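I sat down with this model and a fresh notebook page. Here is what I looked up, entry by entry.

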Amino acid sequence: MQNIKQSPSKITVLGAGAWGTAVAIALAARHDVLLWGRNGEAMDAMAQGRDNRAYLPGFALPPALGVTADINAAVGHVTGAGAGDAPLLIAACPVAGLRPLLEQLKAMSKPIPNIVWLCKGFENGTGLLPHQVVRAVLGKQVAGAALSGPSFAQEVARGLPCALTVASDSPALRERVVALVHGGNIRVYSSDDLIGVEVGGAVKNVLAIATGAADGLELGLNARAALITRGLAEITRLGVALGGNIGTFMGLTGMGDLILTCTGDLSRNRRVGLELARGKRLEAIVAELGHVAEGVPCARAVRELAARLGVDMPITNAVAGVLFDGDDPRAMVAQLLARDPRGESA
């Protein structure tokens, strides 16, 4: 992919899970990157072994990539003297950890000029999207952006091509993210539709559980295609009801991310569906994953939100029934097949 001209900048990635580590590895080839994690022992092990065995095994950390468990050093890396004109602070935690991380940042004396988040989902309890959580904690004076799209951490860490979208109300921040992240094998598009980008990134995880369950039940490729297509219709209905632009859902953070997560063997949410179809209990599945499968908490939040808005989301409701109400995956399929026929645009 074609590079654009850019000068090295200071970037801090807050969150040393698989995705945060992969992004830090990719950006460290071109920038001065510091990766922060809250677990001091784990970060010491990463510094000594130069890998993240817990969340991204098999990928060496570049020599130039710094790691730390000191939040003051991490934030100071992009806010202190010598940070330059275009530093970037990237939050790479799950949605459940976003508010606590932001509260920690707010309590610090260092000013936060901007923040980019990688998480996808709705906050449990409040039903807020990530940008709404950011505004609730940091206010509108801090420029924020979502960086999203079809991307598996292992492939990004390996240096394989991917395309992402940065969404923000701030044209200046969108331009900054594109200038810093776009390059090498990463292509970055920009959008001002924060709601649409975030809804697509959140709900596709729920649909991946449904598709994994269908594959686990060996319902065939026809069923998989139907679930993905009708799932996109559900995502679009909810996103438009929340104020998103309909065209966004045909792009990278809608259809693109949905296809990847529903069909890719690296998808944790798809794996949840596969294991549910095999009769394994949800608690055991989540424990064995060792990573967050965002589709699980998201299914509850989306079901509640859709009911409140009067948005028809039968696949999401069926997934939530299997996850939280004890429904059998085969009953989920029967429930969907028994729905009355209707026009495809309905």
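**Entry 1: the cores**

Which residues of the largest nonpolar core touch the most other members? I found Phe122, Val199, Val203, Leu207, Leu238, Val272 and Val319, out of 45 residues in that core. At least two core residues come from each of H8, helix H9 (221–241), H10, H11, helix H12 (282–289), helix H13 (295–309), helix H14 (314–324) and helix H15 (329–337). H8 gives the most, with ten residues. Another core lies apart from this one; it has 40 residues, and Ile11, Leu147, Ala157 and Ile186 are among them.

My note on terms: a nonpolar core is a set of buried Ala, Val, Leu, Ile, Met, Phe, Trp, Tyr and Cys residues joined through side-chain atoms within 4.5 Å. Buried is under 20% relative accessible area, exposed is over 50%, and partly exposed is in between, with a 1.4 Å probe and protein chains only. Helices (H or I, at least four residues) and strands (E, at least two) are DSSP runs numbered from the N terminus.

**Entry 2: ground rules**

I am reading a predicted model, where local features need pLDDT of at least 70 and side-chain atom pairs count only at pLDDT 80 or more, while totals for chains, interfaces and linings use all residues. Residues are numbered from 1 along each chain as its sequence is written, and side-chain values use heavy atoms, with hydrogens and water left out.

**Entry 3: one UniProt "binding site" list**

I pulled up the unreviewed UniProt entry, which lists Lys120, Gly149, Ser151, Lys204, Asp257, Ser267, Arg268 and Asn269 under "binding site". UniProt positions are in the numbering used here, feature names are shortened, and annotations may be inferred rather than shown by experiment.

I went to serine 151 and found it in the loop between strand E8 (143–148) and helix H6 (153–158). Serine 151 counts as buried because its relative accessible area is 15%. Leaving aside neighbours within four places in sequence, serine 151 is in contact (heavy atoms within 4.5 Å) with Trp19, Val156, Leu164, Asp257 and Leu260. Asp257 is on the UniProt list too.

Next came serine 267, in the loop between helix H10 (252–263) and helix H11 (268–277). Serine 267 has a relative accessible area of 2%, so it is buried. With the same neighbours set aside, those within four places in sequence, I noted contacts from serine 267 to Phe152, Ala208 and Thr261. The serine 267 side chain also reaches the backbone oxygen of threonine 261 at 2.9 Å.

**Entry 4: another UniProt "binding site" list**

The unreviewed entry also places "binding site" at Trp19, Arg38, Tyr55, Lys120, Ala153, Arg268, Val292 and Glu294. These positions span 276 residues of sequence and are spread in space as well, up to 22.9 Å between C-alpha atoms.

Is arginine 38 buried or exposed? Arginine 38 is exposed, because its relative accessibility is 59%. I found it in the loop between strand E2 (32–36) and helix H2 (40–49).

Tyrosine 55 is in the loop between strand E3 (51–52) and strand E4 (56–60). At 37% relative accessibility, tyrosine 55 is partly exposed. Beyond four places in sequence, tyrosine 55 is in contact with Ala16, Gly17, Ala18, Gly290 and His291.

**Entry 5: where H8 and H11 come together**

I looked at leucine 274 in helix H11, which counts as buried at 16% relative accessibility. Leucine 274 and aspartate 215 are 59 residues apart in sequence, yet 6.6 Å apart from C-alpha to C-alpha. Not counting residues up to four places away, leucine 274 touches Gly212, Ala213, Asp215 and Gly216.

Aspartate 215 belongs to helix H8 (residues 194–216) and is buried, at 17% relative accessible area. What joins the side chains of aspartate 215 and arginine 270? I logged a polar contact of 2.3 Å. A polar contact is a pair of N or O atoms within 3.5 Å; within protein, one must be able to donate a hydrogen and the other to accept it, and residues adjacent in sequence count only if both atoms are side-chain atoms.

**Entry 6: helix H1**

Helix H1 (residues 18–27) is mostly covered, with nine of its ten residues buried. Threonine 21 lies in H1 and is buried at 1% relative accessibility.
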